[in-house]
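The following exercises concern a single structure, and each is followed by a worked solution. Please inspect the sequence and the coordinates before reading on.

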Amino acid sequence: MPVHDLPTEPRPLHPPLRHVPLSPTLAVNEAIARKKREGAWVLPLGFGEAGIPIHPALVRELAAGADRGAYGPVAGSAPLRAAVAGYWARRGLPTDPGMIVSGPGSKPLLFALITAIGGDVVVPAPSWVSYAAQATLANVDPVFVATPPGEGGVPSPALLADAVVRARAAGRTIRAVVVTLPDNPTGTLASEETVRRLCTVAREHDLVIISDEIYRDLVHDPSRQVHSPAAFAPERTVVTSSLSKAHAAGGWRLGVARLPEGPFGEALRASLLGIASEIWSSSPAPVQHAAAFAYSEPAELVAHVDRSRRLHAAVMGAVADRFAAAGARVRRPEAAFYVYPDLDPLRATLQARHGVRTAADLCDLLLERYGVGVLPGSSFGEPAEALRVRVAPSLLYGENDEQRLEALAAPDPATVPWIATALDRLSEVLADLGHPGEVQNTGNEEPVLIPAASVA
Ligand SMILES: Cc1ncc(COP(=O)(O)O)c(C=O)c1O
């Protein structure tokens, strides 16, 4: 066709795009921001952000590294890998810096690992939203296996063995199991015994263990030890971590993986570096410089992480207490900054008054009617009708760094005015939610609650 005969009007495209929904944690963040823009009351309990300021010494190191413009090695700089090896050695896991690979956050490292391993992958039920989503993106199937009661993050070893045998008998190639130590969403930490048994099953069934230890330094009781599968099955365990949680630097995007020594680890490293070289080339050089400082664990950063751990413990405990007082079943979190209540005891009222049948219904109700943003257990692999929700209260620590620093320094953080106000508001919402009487606020009428401006 001559060029001048081409149609001039743009034609709409109908490409057969692959549908990839926004990760639920990011989606709830956007929904809360929308409600805030509309001037609604909001209590942001959806997004897993650490909610504390970055330590000034780390900011100084980032600035000092700002002139590093070169890409650098795919695996990460030698000083970063040496510092990370030291970090793990101090936790009882002697590490060869050559087996460290860094990436722009642990999320892409996890995706690259799942892609490199290349078979179906067992994930705990419940577990962090992205493991299953990443498996699907990598064209493998996630297989959910329930965790033992009170030990989130590790699939029950007996159920794992059973699931692998059944899946393989059905022709599936299960190659890996993911564990989260400590866990998101439950805020619990699996016992040494359970981790050892998981390692035994992984050996018997020839599974790679991907141990996501991003919350390792945020166990509320500092005397409690985290037992990594890398200690019991070193030949098959990959450990990941990042600056995002303990150092509250999620936006800096810096994660690290510790690969096993030996022929399998070498082959995995080669594959991981191949994927990394095609996707992110190297992690940001100035951030690597700051991360090398962070992983060398100077006293000022250790003290900052300590303070944040105390703050998380106090506020998570207070939030769990509010849910318990409202009649929910809830475990006191042991680590990180999540609470995972089960509102099943309120099911009859929730269904009769609000038509709630699933956790997603419950989360819609909480957001649209009360301005409370939390995530349904179904986003974490739970059955739709289980009324469990993941609550992430760390954005209540303050609206600015001044408030967050005050919360960090407070001997009793739950009594800091803006945190106490938010906690009281949560109690009001939960009391109204579980109230068996008539619906008091109907239609567009706002519940009688305090304005968002005073609570973050
Ligand atoms: C269990 C778990 N693993 C991994 C990540 C990803 O963290 P990043 O990519 O920031 O290192 C998160 C973030 O929420 C998480 O909760």
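**Exercise 1: a proline and its surroundings**

P417 counts as exposed, because 11 C-beta neighbours lie inside 10 Å and a residue with 12 or fewer is classed as exposed. The model is a predicted one.

Task: State in which helix P417 lies, and give the separation of the C-alpha atoms of P417 and Q403.

Solution. Step 1: P417 belongs to helix α15, residues 417-433. Step 2: the C-alpha atoms of P417 and Q403 are 9.9 Å apart, with the two positions 14 residues apart along the chain.

**Exercise 2: a helix pair**

Task: Determine how α4 and α5 are oriented to each other, and which residues meet.

Solution. Step 1: the axes of α4 (residues 106-117) and α5 (residues 129-137) come within 9 Å and cross at roughly 45°. Step 2: that angle makes α4 oblique to α5. Step 3: the crossing is right-handed. Step 4: on the α4 side K107, L110, F111 and I114 take part, and they meet S130, Q134, A135 and L137 of α5. Step 5: sorted by class, this contact has 5 nonpolar, 2 polar and 1 charged residues.

**Exercise 3: the ligand shell**

Task: Describe the residues that surround the ligand, by number and by class.

Solution. Step 1: the ligand is surrounded by 13 residues, the closest being G105, S106, K107, S242 and S244. Step 2: the shell divides into 2 nonpolar, 9 polar and 2 charged residues.

**Exercise 4: helix α10**

Task: Decide whether α10 is enclosed or open, and name what its buried residues pack against.

Solution. Step 1: α10 spans residues 285-295, and 9 of its 11 residues are buried, so the helix is largely enclosed by the rest of the structure. Step 2: among the buried residues are V287, H289, F293 and Y295. Step 3: the buried residues pack against α2 (56-64), α3 (78-89), β2 (100-103) and α11 (299-325). Step 4: just after α10, E297 has a positive phi of about 55°.

**Exercise 5: backbone features in loops**

Task: Locate the cis peptide bonds that precede P126 and P182, and the positive phi values of N139 and S281.

Solution. Step 1: the A125 to P126 bond is cis, with omega near 5°, and P126 sits in the loop between β3 (120-125) and α5. Step 2: the bond joining L181 and P182 is cis with omega about -10°; P182 is in the loop between β5 (174-180) and α7 (192-204). Step 3: N139, in the loop between α5 and β4 (142-146), has phi near 65°. Step 4: S281, in the loop between α9 (263-279) and α10, has a positive phi of about 65°.

Conventions:
Residues numbered from 1 in each chain as written. Predicted model: local features only at pLDDT ≥ 70, side-chain atom pairs only at ≥ 80, totals over all residues. Near = placed C-beta within 6 Å. Nonpolar A, V, L, I, M, F, W, Y, C, P; charged D, E, K, R; others polar. Axes fitted to C-alpha atoms, helices over the stretch in contact; angles between N-to-C directions. Helix = DSSP H or I, 4+ residues; strand = E, 2+ residues; numbered from the N terminus. Parallel < 35°, antiparallel > 145°, perpendicular 65-115°, else oblique. Left-handed = near helix turned anticlockwise from the far one by under 90°. Contact = placed C-beta atoms within 7 Å. Buried ≥ 20, exposed ≤ 12 C-beta atoms within 10 Å, placed from the backbone.
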